[in-house]
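Hi,

Here is the structure I said I would pass on. Have a look at it first, and then read on for what turned up.

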Amino acid sequence: MEKITGKIPTRMLVYCIFMKNRVQEYRWKKGWSEKMLARKAGVSRSTICQLENGKNKNPSVDIAFRVADALEVDVRILFYE
């Protein structure tokens with residue numbers, strides 16, 4: 001997946017309205033702990049926990065892309081409506 005750097009294109013902003021995610025599923029496929037994913041994505045472990053437990057259904061675009069990049073999966077597959 002191509003990494004997004006700098007200014008995020010307007011068309012990508014649609015992905016900030018997420019209802020469901022597959023963060024835990026892809027993390028388990030990698031055999032990673034929440035702490036390891038958090039470190040690789042550059043976010044806190046509590047952010048990963050909130051995403052996985054549905055407490056944060058609308059992560060920022062930056063966080064969504066960081067987590068998707070760390071898991072090496074397209075953000076549209078990881079987060080979906």
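Before the core, one definition: a nonpolar core here is a set of buried Ala, Val, Leu, Ile, Met, Phe, Trp, Tyr and Cys residues joined through side-chain atoms within 4.5 Å. Please keep in mind that this is a predicted model.

**The core**

The largest nonpolar core has 20 residues. Val23, Leu37, Val67, Leu71, Leu78 and Phe79 are the ones with the most contacts inside it. Helix 1 (23–30), helix 2, helix 3, helix 4 and helix 5 each put in at least two residues. Helix 4 gives the largest share of this core, with seven residues.

Val67 is a good residue to click on. Setting aside neighbours within four places in sequence, Val67 is in contact with Val23, Leu37, Ala41, Ile48, Leu51 and Leu78.

**Helix 4**

Helix 4 covers residues 61–71, and it is mostly covered, with eight of its 11 residues buried. The buried ones are Val61, Ala64, Phe65, Val67, Ala68, Asp69, Ala70 and Leu71. What do they pack against? Their partners are helix 1, helix 2, helix 3, helix 5 and strand 2 (79–80).

Two residues of helix 4 that are missing from that buried set are Arg66 and Asp62: Arg66 counts as partly exposed at 35% relative accessibility, and Asp62 does too, at 41%. Their side chains meet in a salt bridge, 3.0 Å from N to O. Both lie in helix 4, four residues apart, or about one turn of the helix. As a reminder, an α-helix has 3.6 residues a turn, so residues three or four places apart point the same way.

Right after helix 4 comes Glu72, whose phi is positive. The value is about 55°, although Glu72 is not a glycine. Glu72 sits in the loop between helix 4 and helix 5 (75–78). Is Glu72 buried or exposed? Glu72 is exposed, with a relative accessible area of 63%.

**Salt bridges and other charges**

How many salt bridges are there? The count comes to seven. Besides the pair in helix 4, here are some to look up.

Glu34 forms a salt bridge with Arg45, and their closest N and O atoms are 2.7 Å apart. This pair links distant parts of the chain: Glu34 is in helix 2 (residues 34–41), Arg45 is in helix 3 (residues 45–52), and their positions lie 11 residues apart in the count along the chain. Which side of the pair is buried, and which is partly exposed? Glu34 is buried, because its relative accessible area is 18% and the cut-off is under 20%. Arg45 is partly exposed, with a relative accessible area of 44%.

Arg76 forms a salt bridge with Asp74, again with the closest N and O atoms 2.7 Å apart. Arg76 counts as partly exposed at 48% relative accessibility, and Asp74 also counts as partly exposed, at 22%. There is a network as well: salt bridges that share partners join Arg22, Glu25 and Lys29.

Lys29 turns up a second time, lying over the face of Tyr26 at 4.6 Å from the ring centre. As for aromatic pairs, the structure holds zero of them.

**Two more residues to look at**

Glu52 lies in helix 3. Glu52 is buried, with a relative accessible area of 14%. Which residues does Glu52 touch, not counting those up to four places away in sequence? They are Val23, Gln24, Arg27 and Glu34. Glu34 is the residue that pairs with Arg45, and Val23 is one of the residues with the most contacts inside the core.

Met36 lies in helix 2. Met36 is partly exposed, with a relative accessible area of 29%. The C-alpha atoms of Met36 and Ala70 are separated by 9.9 Å, and the two residues are 34 apart along the chain. Ala70 is among the buried residues of helix 4.

**If you want a quick route through it**

Start at Val67 and its contacts, which include Leu37 and Leu78. Then follow helix 4 to Glu72, with its positive phi. Finish with the salt bridge between Glu34 and Arg45.

Cheers

Technical notes
Residues are numbered from 1 along each chain as its sequence is written. This is a predicted model: local features need pLDDT of at least 70, side-chain atom pairs count only at pLDDT 80 or more; totals for chains, interfaces and linings use all residues. Side-chain values use heavy atoms; hydrogens and water are left out. Rings of Phe, Tyr and Trp (its six-membered ring) pair if their centres lie within 6.5 Å; planes under 30 degrees apart count as stacked, over 60 as edge-to-face and the rest as tilted. A charge sits over a ring if NZ of Lys or CZ of Arg is within 6 Å of the ring centre and within 35 degrees of the ring normal. A salt bridge is a side-chain nitrogen of Lys or Arg within 4 Å of a carboxyl oxygen of Asp or Glu. Buried means under 20% relative accessible area, exposed over 50%, partly exposed in between (1.4 Å probe, protein chains only). Contact means heavy atoms within 4.5 Å.
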